[in-house]
Every structure is written in structure tokens, then in C-alpha cells.
Amino acid sequence: MNTNCPTCGSPLKPEETTATGKKLQRCSAGSWNPQTKQAEGCAYVKWIQDAPENLDEKCPKCGSHLIMQTTRTGKKMKKCSAGGWDKAEKKATGCAYVDWMDKPMVLEEACPDCGEKLVLQKTASGKQLKKCSTAKWDPKTKTASGCTYIQWVNDKGPRTAPSAAAKSNGDETAPEYEF
Ligand SMILES: [Zn+2]
Ligand SMILES: [Zn+2]
Ligand SMILES: [Zn+2]
């Protein structure tokens, strides 16, 4: 990929990967000044997005074809090709059909609190947690129900109180757009 910067014409730097797993190329005429904490020179950044994959599936709402897309947090979803995102208005346009791929994985482990199966879930920030499969989140009333058992999979995870974790659980169901 030897493209030049569309802003200043300098060659772009080699591909980098961000902490969230996104790929980008910066302009070689730009640099970060750690003293002033400001970008100097050309600020052009080219985000490398995996092209959305056209699926051989029809939208159940409007009949347009569906595409597979990965959000900035690395979650996969099927969405309707007739749907879009209005950056200026910050709202979804067209068909809003979205089907998230990252369904929680059911584990062969029983919840120490209630004995039901645990499920493995990824938070929006990419941390993994085990939670009880009876835990439910109602986005309408914004309340959690069922068992509140939560275990963070790696020790670096924040030790959140169950109520805070239940709150982040609500975010899991909110679509994230990135265009
Ligand atoms: Zn440039
Ligand atoms: Zn649709
Ligand atoms: Zn439980």
C-alpha cells in the first residue's frame, strides 16, 4: 500500500495498529510532539477499514442485502446495506436493522451463586467477564434482573461493583456506529 497523503502529498508511514485493533497509516510529514502534546506537521490519518463483506442474506425489515461489519471495538454485526449514519446529525439514517454476532458464549461452568450456567462476555473495551446466564438487562426500563454474579476473566479488569457492571451491560446492546 504505497499511497501518498491526499493533504500534502508526502508518502504515508507503514501501517500501525491501535490499542483497539484498528489499523491506520499516518502521514510521514506529521509527528507527535511529546513536549507540547500536540501533533505537528500534517495531521492526516488514513484509517484502514476492512471492507464490509456483502452477505447473501436479505434484511428482514426492508429486503435489502445485509453486510458484515466490525465496529471500532472489534465487535461484529450484520447490518442492512440500506442503513447509514449521519455524522452531522449524529443519528442513524435509512434502515436500522442490526444483528450482533458476538452473542455471549455459554460455558460449561455453573454459577456459584445460583447453579445456572455461566456465559463468557466481552465488554465494549475488550475485557472478558463471566456472568450468570440468568442475568438480563432491560434496555427499556434500564434495570438488571436475574443473578448478578460477575467474574472478570483477567485480573487486570476493573473490580466493578455488580451494579456498575450491570450498567456497562446495558451499553453492550447499544449499536455503535463508525463511518
Ligand atoms: Zn500529509
Ligand atoms: Zn433493511
Ligand atoms: Zn447465578
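Two strands pair if DSSP finds at least two bridges between them. Keep that in mind as you tour this predicted model, because paired strands will come up at nearly every stop.

**Stop 1: the whole chain**

Show everything as a cartoon to begin. The protein has 17 strands and one helix. Of its 179 residues, 11% count as buried. Among the contacts with a separation of 6 or more, 29% are between residues 24 or more positions apart.

Now colour by confidence. The mean pLDDT is 81, and 83% of the residues reach 70 or more. Select residues 163–179 and you will find the pLDDT below 50. This stretch still has 25 contacts in the model beyond near neighbours in sequence. Where pLDDT is low, the predicted coordinates should not be read in detail.

**Stop 2: glycine 30**

Select glycine 30, which belongs to strand 3, residues 30–33. Is this glycine buried, exposed or partly exposed? Glycine 30 counts as partly exposed because it has 19 C-beta neighbours inside 10 Å, while a buried residue needs 20 or more.

Next, display its contacts. Apart from neighbours within four places in sequence, glycine 30 touches Ala39, Glu40, Gly41, Cys42, Ala43 and Tyr44. Try a distance too: between the C-alpha atoms of glycine 30 and valine 45 there are 9.3 Å, and the two residues are 15 residues apart along the chain.

**Stop 3: the sheet that starts with strand 6**

Move along to strands 6, 7, 8 and 11. They make an open sheet with antiparallel pairing, in the order 6-7-8-11. At the edges are strand 6 (53–58) and strand 11 (98–100), and each of these pairs on one side only. From one strand to the next, the twist averages 30°.

Zoom in on the middle of the order. How many bridges link strand 7 and strand 8? Strand 7 (residues 65–70) and strand 8 (residues 76–80) share five bridges in the antiparallel sense. For one example, select threonine 70 and then lysine 76, its bridge partner in strand 8.

**Stop 4: the sheet that starts with strand 12**

Select strands 12, 13, 14 and 17. Here you have an open sheet of four strands in the order 12-13-14-17, again with antiparallel pairing. Its edge strands, each pairing on one side only, are strand 12 (105–110) and strand 17 (150–152). The twist in this sheet averages 30° from one strand to the next.

Stay with strand 12. It is hardly covered, with zero buried residues among its six. Three bridges join strand 12 to strand 13 (residues 117–122), and the two run antiparallel. Pick valine 106 and look across to valine 119 in strand 13, which stands opposite. Then pick alanine 110, whose bridge partner in strand 13 is lysine 117.

Follow the chain around the turn. The hairpin of strand 12 and strand 13 has six residues between the strands, and there glycine 115 takes a positive phi near 85°.

**Stop 5: the nonpolar core**

Finally, select Cys111, Leu118, Cys132, Ala135 and Cys147. Together these five residues form the largest nonpolar core. In soluble globular proteins, nonpolar side chains tend to be buried together.

Centre your view on cysteine 132, a member of that core. Which residues does cysteine 132 touch, not counting those up to four places away in sequence? Its contacts are Cys111, Asp113, Cys114, Glu116, Leu118, Gly146, Cys147 and Tyr149.

How values were computed. Residues are numbered from 1 along each chain as its sequence is written. Chains are lettered from A and ligands numbered from 1 in the order in which they are written. This is a predicted model: local features need pLDDT of at least 70, side-chain atom pairs count only at pLDDT 80 or more; totals for chains, interfaces and linings use all residues. Axes are lines fitted to C-alpha atoms, for helices over the stretch in contact, and angles run from 0 to 180 degrees between N-to-C directions. A nonpolar core is a set of buried Ala, Val, Leu, Ile, Met, Phe, Trp, Tyr and Cys residues joined through C-beta atoms within 7 Å. A residue is buried if 20 or more other C-beta atoms lie within 10 Å of its own, exposed if 12 or fewer, and partly exposed in between; C-beta atoms are placed from the backbone. Two residues are in contact if their C-beta atoms, placed from the backbone, lie within 7 Å. pLDDT is the predictor's confidence in each residue, from 0 to 100.
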